[in-house]
Amino acid sequence: MQLYQFVAIFGILMLVFVQIPSFHSLRHVNLISLVLCLAYSACATAGSIYIGHSTNAPEKVYSVSGHRQDRIFGSFNAISIIATTYGNGIIPEIQDPNIPPRFRHQRLRQPTLESPLWPFQAASPQVVPSAIVAISGYWAFGNQAQVTVLSNFLVDGKPLLPTWVLLIAAVASVNLQPTNEVLERKFVDPKIDQFSIGNTVRRLVFRSLSVVIATTVAAMFPFFGDINAVIGAFGCIPLDFILPMIFYNVTFKPSKNSLIFWGNTAIASIYSALGALGAISSNRQIVLDANKYSFFANI
């Protein structure tokens, strides 16, 4: 099978998941998704360690390859990808005060911003498994490690470890709730029940259409890391590291002589520069890959 065929299969599954009405219906799906993510991390880590110690282990070269400009742009590109990977946890924290009227009776618990440890509590379930996968993958494959570490588990179409590990690790689940919320603010009537015929039909049509478009684009342009970098540069970096600092200074007006004010200002300034450089790097990489790959490429 070709890559775009797998993308199409995943898109069909998403047509089912995307019909979940709101953030408030996601707790069970998110639990399953957490288990699947942990299973992926465990399989990817175990597979990397297994291959790294096997007789079929590839030669390990840990130097950074490529021309200097490619390494520089690649670094900022990677920062944007990391921002996307670790920045998704901010969505449940910021959406609660802005729940559409039709969901007021299902309000989530208040965000845990009261705790000084909330950034670490939100990030640790993502950072720790991802860091373990990254470290073990780079140890096993060096600078030949690909964007998706599972891609290194096959050489000339032959698996370097038991096939069942690949089958388990290949399972994933994603939701498009932020996009759905935007669509429903435009097209769904909040004055009537969310499960009424009118709202159900609108939700079915517009959510399905968004999945079909996203699946088609994903299959046509199969450089997923580049797309993540663009999302990180234009979305996650401003949302996670710039706007909160600006809003805090504007809302609470700390003294301009205080450490909090200048700390927030410094963070917002540094990440504004990183976001701008990440946007340039990610768009540059998309242009390079667009010249390298054809539509529906099997990479």
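What share of the 299 residues in the protein is buried? Buried residues make up 31% of them. The model described here is predicted.

**Fold and record**

The protein has 10 helices and two strands. Along the sequence they follow the pattern α-α-α-α-α-β-β-α-α-α-α-α. An unreviewed UniProt entry lists residues 6-24, 31-52, 72-94, 204-224, 230-252 and 259-280 under "transmembrane region". Two of these stretches can be set beside the model. Over residues 230-252 the chain is 100% helix and 0% strand, with end C-alpha atoms 31 Å apart. Residues 259-280 are likewise 100% helix and 0% strand, and here the end C-alpha atoms are 32 Å apart.

**Helix H8**

Helix H8 covers residues 197-220, which is 24 residues. At 1.5 Å a residue the helix should span 34 Å, and its end C-alpha atoms are 34 Å apart, so the expected and modelled spans agree. The buried residues in H8 include Asn199, Arg203, Arg207, Val211, Thr215 and Ala219. Ser208 and Ser210 in H8 are buried as well. In general, an α-helix has 3.6 residues a turn, so residues three or four places apart point the same way.

**Nonpolar core**

The largest nonpolar core has 10 residues in all: Ala44, Ile51, Val133, Ala140, Phe141, Val149, Leu150, Phe153, Leu160 and Leu161. Helix H2 (27-53) and helix H5 (118-141) each supply at least two residues of this core. H5 gives the most, with three residues.

**Aromatic pairs and a charge over a ring**

The count of aromatic pairs comes to five. One of them joins Phe241 and Tyr271, whose ring centres are 4.3 Å apart with the planes at 10°; planes under 30 degrees apart count as stacked, so this pair is stacked. Phe241 lies in helix H9 (residues 224-252) and Tyr271 in helix H10 (residues 259-292), so the pair ties together parts that are 30 residues apart in sequence. Phe261 and Trp262 form another aromatic pair, edge-to-face, at 5.1 Å centre to centre and 90° between the planes.

Separately, the charged end of Lys60 sits over the ring of Trp139, 5.4 Å from the ring centre.

**Salt bridge**

How many salt bridges does the structure hold? It holds one salt bridge. The side chains of Asp70 and Arg284 meet in it, at 2.7 Å from N to O. Asp70 is in helix H3 (residues 68-87) and Arg284 in helix H10, so the bridge links distant parts of the chain, 214 residues apart.

**Chain end and accessibility**

Tyr293 lies in the segment after H10. Tyr293 and Met220 are 73 residues apart in sequence, while their C-alpha atoms are 9.7 Å apart in space.

The table gives relative accessible areas for residues named above.

| Residue | Relative accessible area | Class |
|---|---|---|
| Phe241 | 27% | partly exposed |
| Tyr271 | 25% | partly exposed |
| Phe261 | 16% | buried |
| Tyr293 | 26% | partly exposed |
| Asp70 | 31% | partly exposed |

Why does Phe261 count as buried? Its relative accessible area is 16%, and buried means under 20%, so Phe261 is placed in that class. In the stacked pair, both Phe241, at 27%, and Tyr271, at 25%, are partly exposed. Asp70 of the salt bridge, at 31%, is also partly exposed.

Notes. Residues are numbered from 1 along each chain as its sequence is written. This is a predicted model: local features need pLDDT of at least 70, side-chain atom pairs count only at pLDDT 80 or more; totals for chains, interfaces and linings use all residues. Side-chain values use heavy atoms; hydrogens and water are left out. UniProt positions are given in the numbering used here, feature names are shortened, and annotations may be inferred rather than shown by experiment. Helices (H or I, at least four residues) and strands (E, at least two) are DSSP runs, numbered from the N terminus. The expected span of a helix is 1.5 Å times one less than its number of residues. Buried means under 20% relative accessible area, exposed over 50%, partly exposed in between (1.4 Å probe, protein chains only). Rings of Phe, Tyr and Trp (its six-membered ring) pair if their centres lie within 6.5 Å; planes under 30 degrees apart count as stacked, over 60 as edge-to-face and the rest as tilted. A charge sits over a ring if NZ of Lys or CZ of Arg is within 6 Å of the ring centre and within 35 degrees of the ring normal. A salt bridge is a side-chain nitrogen of Lys or Arg within 4 Å of a carboxyl oxygen of Asp or Glu. A nonpolar core is a set of buried Ala, Val, Leu, Ile, Met, Phe, Trp, Tyr and Cys residues joined through side-chain atoms within 4.5 Å.
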